[in-house]
Amino acid sequence: MRPILAILACFIFSTQTRAEYPFARKNHDLGSEIKNDSQRLIPEFQFARFAIDGDTWARSLGVNDFYHGVGYWIQGRTEVNPNPFLFINVRTIAYSGSSSEGYANPTGFYNLISFTGNWPQQFDSYSLKLRIVDLERQNIGFGLLVQDREMNGALIELSNENHNFRFLGDSTGALVSGDDLVNAQTQLFHGWIGGGASFWTQSQSQSQLPKNRDPYYYITSSHKFFENQLGYEVEFGQRNSAHSGLIAFSFNRQKDFWSLQSKLEARNYQAGFGKDFVGRIEHQYVSYDQYDKAYTNAMNLFTKSDRASIYTLHLNIKYEINDTWKLESLNEIGTFDFRDNNEYSSFYFYRAGIDYCPIEKRDDCISMFTSNKVLNVSYNRPPHQLSYSNVSFFKRVDYFGFEGRFR
């Protein structure tokens, strides 16, 4: 009952601004992103372009979480294209999670690099693209098994305006650190029908899991209606003779100074679907820019069981009072029904606050907010360390914070 009342309170008393949870900036196609973006201060050059997005904060989380106190997270991105068909992208992160862990101990710096090649000619209206090394976040289907997973490897896409064929090779294993994953996927007729298959290679010596993984086969369907305001997603999959499914409906509306984003989703998992993964989840990348991930991610489910039903509602509302002041409300509410032991648990994550943006027509803002969404293993600093603690991405801790954003 409390989560429902909180949702209603957010509807009545607050709405969401342009600011959302901290998220990972994309590491490809930077030119298209910053084109005609008047807020970017760094000029674009003929063969290179740059962008910087930063967050600074003060959070009242106590002393048990890395991202507490005063800290910063700066994402610099570089794109170089020596010719029209080759792009080199580098995402550079400089961060300090806290000011109370020693003078230099909480700071860090790393780079993620991506190479993208576009074939100069089309094949009967199809374009061919190859991308290697950093593949950013990827989904298998619509995320029933693998959702918003940072991957490294190779990605080949053959597509036109109606159809898409994708071949993905991931060296991170998708759910565990010691595997390689191979995925072939297609979407036809603007996504009306699709499907694919995923296969895991044998484990490396450092993996906790047995050597052979059962493959995953799935079919999908999705479409958007009424100028992309209303849409649906369906995924049905089989693994280890167990079936699971996902269905989601979304409604997005933007008008004048407000916008609404909503998504209602239901999932059902049969016992055995998560074989070899349940109770053995490994987190490779749980840094500050992971807050926007959904709690219904299968990696959270598999920390306990693979026999469950999940229902969730995502509800984000945006409203701009004027050019200077904006309000925000981000909400994720749902339930996990574990049928093995009749355990029923509900969750509610939120972020609500107000933004002050002093520079006209810019998104450089100071945010004052309250939230309860906290990374569970934030001391696992990216990207070279692993966490074998078998816990979900997030835990609920009510706190108050200030955040400054600039670009």
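Which residues line the largest cavity? Before I answer, please keep in mind that what we are looking at is a predicted model.

The structure holds one cavity of 30 Å³ or more, and the largest cavity has a volume of about 40 Å³. Its lining is formed by Arg149, Glu150, His283, Gln284, Tyr285, Val286, Lys293 and Phe393, and if we sort these residues by class, we find three that are nonpolar, two that are polar and three that are charged. As background, a probe the size of a water molecule, rolled over the atoms, shows where empty space is left.

Let me turn now to the surface, where Ile113, Leu130, Ile132, Val133, Ile156, Phe167, Val182, Phe199 and Tyr217 make a nonpolar patch of about 700 Å². Strand E5, which covers residues 127-138, gives the largest share of this patch, with three residues. Ile156, another member of the patch, lies in strand E6, residues 149-159, and Ile156 counts as partly exposed because its relative accessibility is 36%, a value between the limits of 20% and 50%.

Finally, I would like to point to two loop residues and their backbone angles. Most residues other than glycine have a negative phi. Asn240, however, is not a glycine and has a positive phi of about 55°; Asn240 is found in the loop between strand E11 (230-239) and strand E12 (242-255), and with 28% relative accessibility it counts as partly exposed. Asp256, in the loop between E12 and strand E13 (258-269), also has a positive phi, near 55°, but Asp256 counts as exposed, because its relative accessibility is 66%, and the cut-off for exposed is over 50%.

Notes:
Residues are numbered from 1 along each chain as its sequence is written. This is a predicted model: local features need pLDDT of at least 70, side-chain atom pairs count only at pLDDT 80 or more; totals for chains, interfaces and linings use all residues. Side-chain values use heavy atoms; hydrogens and water are left out. On a 1 Å grid over the protein atoms alone, a cavity is a set of points where a 1.4 Å probe fits but cannot get out, and a pocket is an open set with protein on both sides within 12 Å along at least five of seven lines; lining residues have an atom within 4 Å of a point. Grid points are joined across faces, edges and corners, and a volume is the space filled by probe spheres set on the points. Ala, Val, Leu, Ile, Met, Phe, Trp, Tyr, Cys and Pro count as nonpolar, Asp, Glu, Lys and Arg as charged, and the others, Gly among them, as polar. Patches are made of residues with over 30% relative accessible area and no salt bridge: like charges are joined within 9 Å, nonpolar side chains (Val, Leu, Ile, Met, Phe, Trp, Tyr) within 5 Å. Accessible areas come from the Shrake-Rupley method with a 1.4 Å probe; for residues, only the protein chains shown count as cover. A salt bridge is a side-chain nitrogen of Lys or Arg within 4 Å of a carboxyl oxygen of Asp or Glu. Helices (H or I, at least four residues) and strands (E, at least two) are DSSP runs, numbered from the N terminus. Buried means under 20% relative accessible area, exposed over 50%, partly exposed in between (1.4 Å probe, protein chains only).
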